[in-house]
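Colleague: I have the sequence and the coordinates open side by side, and I'd like to talk through how the pieces fit together. Can we start now?

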Amino acid sequence: MSWDTDQFWSSLTEAEARSLRGRGRMTRWRRDEVLFHEHDRSDWVVVLMTGQVKVATGTQLGGEVVLAVRDRGALVGELAAIDRQPRSATVTALKETIGLVVLLPEFDAFLAEHPRVAAMLPRMVVSRLRDADRKRVEFGAQDTTGRVAARLVELAERFGQPAGDGVQIAMPLSQDELASWTGSSREAVSKALGALRSLGWIETSRLRVVIRDLAALRARARGDAVSG
């Protein structure tokens with residue numbers, strides 16, 4: 001069974017959630033505020049209670065590659081809880097975010113007290129590794145339009161809200177961030193979005209996308225032969 005990367009908190013029982021909450025403290029981050037930096041040796045994990053964050057790694061040329069977007073309910077910083085190594089990525093709030101911060105000794109004690117949750121943790125990590133592998137294959141097999149279609153489908157399925165006869169993605173991702181997430185240039189992403197708009201599959205405005213034909217986008221993301 002695949003693991004929804006944002007379901008950690010909702011997977012806890014009432015008693016488990018109460019126990020974990022008692023071991024941490026609530027912290028608030030503003031939009032664009034960094035929770036932690038790549039290579040940091042911070043000693044805590046965070047469960048996102050509200051908001052969304054992006055997970056990104058830096059490049060040798062000073063840019064960034066967006067690896068994932070995490071939503072309410074996700075556990076972030078879990079690798080440090082497992083191997084105690086420096087942070088593998090920078091995590092930044094995409095909107096105002098509130099999280100339950102738990103120091104690693106307290107998190108260890110929580111897992112020892114709740115073996116069911118301890119067994120969930122490696123499954124979650126494996127699911128995220130599988131997702132990363134899938135995206136690497138996708139990057140090699142798909143053109144920019146296909147990769148943009150795949151990310152729009154993912155965003156629609158995870159964060160979409162009904163909007164008339166379509167699905168609105170109320171995600172504060174800039175075009176630059178979408179380009180980083182698809183391993184493309186901003187210009188290539190702009191061209192891909194234009195192509196999808198011309199087909200009538202999407203409508204776009206600043207920090208807002210409405211999906212008008214999700215089935216067609218899914219087919220394009222899979223690489224199926226579709227019109228356009």
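**Salt bridges, sheets and helix packing**

Modeller: Please keep in mind that this is a predicted model. The count of salt bridges in it comes to 17.

Colleague: Which residue forms a salt bridge with Lys 54?

Modeller: Lys 54 pairs with Glu 177, and the closest N and O atoms of the two are 2.9 Å apart. Lys 54 lies in strand E4 (residues 52-58) and Glu 177 in helix H7 (residues 175-181), so this salt bridge ties together parts that are 123 residues apart in sequence. As general background, side chains of opposite charge can pair when their charged atoms come close.

Colleague: Okay, on to the sheets. What is the strand order in the one that holds E1?

Modeller: That open sheet has 4 strands in the order E1-E8-E3-E6, and the pairing is antiparallel. Its edge strands are E1 (25-29) and E6 (75-76), each of which pairs on one side only.

Colleague: How many bridges join E3 to E6?

Modeller: Strand E3 (residues 44-50) and E6 run antiparallel and are joined by 2 bridges. One pairing to look for is Val 46, whose bridge partner in E6 is Val 76.

Colleague: And which strands does H2 lie across?

Modeller: H2 lies across E1, E3 and strand E8 (97-103), and it runs at about 80° to E8. H4 packs on the sheet as well, where it touches E3, E6 and E8, and its direction makes about 80° with that of E8.

Colleague: At what angle do H2 and H4 cross?

Modeller: The axes of helix H2 (residues 14-23) and helix H4 (residues 104-113) cross at roughly 160° and come within 10 Å. That makes H2 roughly antiparallel to H4, and the crossing of the two is right-handed.

Colleague: Which residues meet there?

Modeller: From H2 the residues are Glu 16, Ser 19, Leu 20 and Arg 23, and they meet Glu 106, Phe 107, Ala 109, Phe 110 and Glu 113 in H4. By class, the contact of H2 with H4 divides into 4 nonpolar, 1 polar and 4 charged residues.

Colleague: Changing topic, what is the strand order in the sheet with E9?

Modeller: There, 4 strands form an open sheet in the order E9-E10-E12-E11, with antiparallel pairing. Strand E9 (160-163) and strand E11 (202-205) are the edge strands, each pairing on one side only. From one strand to the next, the twist averages 25°.

Colleague: Over how many bridges do E9 and E10 pair?

Modeller: E9 and strand E10 (residues 166-169) pair in the antiparallel sense over 4 bridges. If you want a residue to find on screen, Pro 162 has Val 167 in E10 as its bridge partner.

Colleague: Now H6. How do the axes of H6 and H9 cross?

Modeller: The axes of helix H6 (residues 144-159) and helix H9 (residues 214-222) come within 8 Å and cross at roughly 130°. H6 and H9 are therefore oblique to each other, and H6 passes H9 in a left-handed crossing. The contact is made by Thr 145, Gly 146, Ala 149, Ala 150, Leu 152, Val 153, Ala 156 and Glu 157 of H6, together with Leu 214, Leu 217, Arg 218, Arg 220 and Ala 221 of H9. By class, the contact of H6 with H9 has 8 nonpolar, 2 polar and 3 charged residues.

Colleague: And at what angle do H6 and H8 cross?

Modeller: The axes of H6 and helix H8 (residues 186-198) cross at roughly 75° and come within 9 Å. That makes H6 roughly perpendicular to H8. Thr 144, Thr 145, Val 148 and Leu 152 of H6 make the contact with Ala 188, Val 189, Ala 192, Leu 193 and Leu 196 of H8. The residues of the contact of H6 with H8 divide into 7 nonpolar, 2 polar and no charged.

Colleague: Last topic, backbone angles. Is the phi of Asp 32 positive or negative?

Modeller: Asp 32 has a positive phi of about 75° although it is not a glycine, and its place is in the loop between E1 and strand E2 (34-36). For context, most residues other than glycine have a negative phi.

Colleague: Where does Arg 84 lie?

Modeller: Arg 84 lies in the loop between helix H3 (78-83) and strand E7 (90-93). Arg 84 has a positive phi of about 60°, and it is not a glycine.

Definitions and conventions:
Residues are numbered from 1 along each chain as its sequence is written. This is a predicted model: local features need pLDDT of at least 70, side-chain atom pairs count only at pLDDT 80 or more; totals for chains, interfaces and linings use all residues. Side-chain values use heavy atoms; hydrogens and water are left out. Axes are lines fitted to C-alpha atoms, for helices over the stretch in contact, and angles run from 0 to 180 degrees between N-to-C directions. Angles under 35 degrees count as roughly parallel, over 145 as roughly antiparallel, 65 to 115 as roughly perpendicular and the rest as oblique. A crossing is left-handed if the near helix is turned anticlockwise from the far one by less than a right angle, and right-handed if clockwise. Contact means heavy atoms within 4.5 Å. Ala, Val, Leu, Ile, Met, Phe, Trp, Tyr, Cys and Pro count as nonpolar, Asp, Glu, Lys and Arg as charged, and the others, Gly among them, as polar. Two strands pair if DSSP finds at least two bridges between them. A salt bridge is a side-chain nitrogen of Lys or Arg within 4 Å of a carboxyl oxygen of Asp or Glu.
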